[in-house]
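Here are a few exercises to work through with the model open next to you. Try each task before you read its solution.

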Amino acid sequence: MGARQSRASSKDKGPKRVLFTGRRQKFSPWDDALLSGRDPRSLLKRGMHHVSFSLVTRGMTDIPDFLWGLSEVQKLNLSHNQLRVLPPEVGKLTRIVVLNLCGNRLKSLPREVSLLQSLKVLFVNMNCLTEVPAELSLCRNLEVLSLSHNCLSQLPAGFADLSRLRKLNLSNNSFAHIPMCVFSLKELIFLHVGSNRLENIAESIQHLASLQIFIAEGNNIHSFPRSLCLVTSLELLNLNSNDIQTLPSELHLLCRLVRIAWNPMDKGLHISHNPLSKPLPELVEGGLEMLFSYLKDKKHT
């Protein structure tokens, strides 16, 4: 009798491995493999400012169900997988500040993104989006939005309500013109519309009075609009690889452009690979001061 009690006592002292009683059966095979017997919250990383969760480059075609129960997540990175659908359950993660969906196969976003009222940064670049839900315009705290490398040709008019948006990347899509709603984004400091199908830049560009970086390279823009010269906050203006032949005399108003720039990362005026009429190519080679001087003199002759 004593021996049996001793064995029972030693068993009680061993490690207990009773995990997720009653819940474990609900996990999908993918969930189960990822968790390996752990509490899902043990996968969270708690930093100084944000609680983050990352499943980068896992080859996922579906998002594990347990994720929707991690309501404390503030930074979620699901980039570079094979996701085709973002489930409506994403709306449960109401504390998300940064959501990275880059490099998947998403064709759309669910309307429930409107529930992410804390969202400030959203990356959906390098997907297969053909449209963006109007409900995204309800994320009024959004500051950074990347929609590059998709199949977009328009944006919802409601995007004009994203009054806090500071950086917008629409490059490598199918836009024939810059959507009018963009010109209502008064806080915008960065706008990238390169590698689209643009043939002109609307006069409304002048309304983006805070814009510091404007990239429109690799389009088919035929003329340099005078209204762009009124955006005097510009520090980097990239119009490389278009169809521009002449430059406006008001170009000198862009006084924050410090040089003719050749390196894509440099601030200044990027105007190479355009069919500029003579003598503009030689003047560009001579530098910005020489170009400005010529254009001002030409105006008065």
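**Exercise 1. Sort the residues of strand β2 (residues 51–54) by face, covered or uncovered, then find the strands that pair with β2.**

Solution. Keep in mind that you're looking at a predicted model.
- Start with the faces: V51 and F53 sit on the covered one, while S52 and S54 make up the uncovered one.
- Next, look at strand β1 (residues 45–46), which runs antiparallel to β2 and is joined to it by two bridges. A hairpin of four residues makes the connection from β1 to β2. For a concrete pair, take K45, whose bridge partner in β2 is S52.
- Then turn to strand β3 (residues 75–77): here the pairing with β2 is parallel, with three bridges. S54 has N77 as its bridge partner in β3.

**Exercise 2. Work out how many disulfides there are, using C229 and C255.**

Solution. The cut-off to apply is a pair of cysteine sulfur atoms within 2.5 Å.
- Take C229: the closest cysteine sulfur belongs to C255 and is 11 Å away, so that's too far for a bond.
- C255 is in no disulfide either, with the sulfur of C229 as its nearest cysteine sulfur, at 11 Å.
- The count is therefore zero disulfides by the 2.5 Å rule.
- Now check accessibility, where buried means under 20% and exposed over 50%. C229 comes out buried because its relative accessible area is 0%, whereas C255 is exposed because it reaches 59%.

**Exercise 3. Place two serines, S171 and S233, in their loops, and decide for each whether it is buried or exposed.**

Solution. Go one serine at a time.
- S171 belongs to the loop between β7 (167–169) and β8 (190–192). Its relative accessibility is 2%, so it counts as buried.
- The side chain of S171 makes a polar contact of 2.7 Å with the side chain of N169. Beyond neighbours within four places in sequence, S171 touches S148, H149, H192, V193, G194 and N196.
- S233 is in the loop between β9 (213–215) and β10 (236–238). This serine is buried too, because its relative accessible area is 9%.
- A polar atom of the S233 side chain lies 3.0 Å from the backbone oxygen of A209. Setting aside neighbours within four places, the contacts of S233 are A209, S210, L211, Q212 and R256.

**Exercise 4. Check the length of helix α4 (residues 288–299), and find out where its buried residues point.**

Solution.
- α4 has 12 residues and spans 17 Å from first to last C-alpha, close to the 16 Å expected at 1.5 Å a residue.
- Its buried residues are L288, L291, F292 and L295. Looking down the axis of α4, they fall within an arc of 100 degrees, so they line one face of the helix.
- What do they pack against? The partners are β11 (268–270) and α3 (280–286).

**Exercise 5. Look at the backbone around P279, M126 and H149: what is omega or phi there?**

Solution. The baseline is that most residues other than glycine have a negative phi, and most peptide bonds are trans.
- The K278 to P279 peptide bond is cis, with omega near 5 degrees. P279 is in the loop between β11 and α3.
- M126 has a positive phi, near 60 degrees, and sits in the loop between β5 (121–123) and β6 (144–146).
- H149, in the loop between β6 and β7, has a positive phi near 55 degrees. H149 counts as partly exposed because its relative accessible area is 40%.

Methods: Residues numbered from 1 in each chain as written. Predicted model: local features only at pLDDT ≥ 70, side-chain atom pairs only at ≥ 80, totals over all residues. Heavy atoms only, no water. Buried < 20%, exposed > 50% of the residue type's maximum accessible area, 1.4 Å probe, protein only. Polar contact = N/O pair within 3.5 Å; in protein donor to acceptor, adjacent residues only side chain to side chain. Contact = heavy atoms within 4.5 Å. Pairing = 2+ DSSP bridges. Expected span 1.5 Å × (residues − 1). Arc of directions from axis to C-beta.
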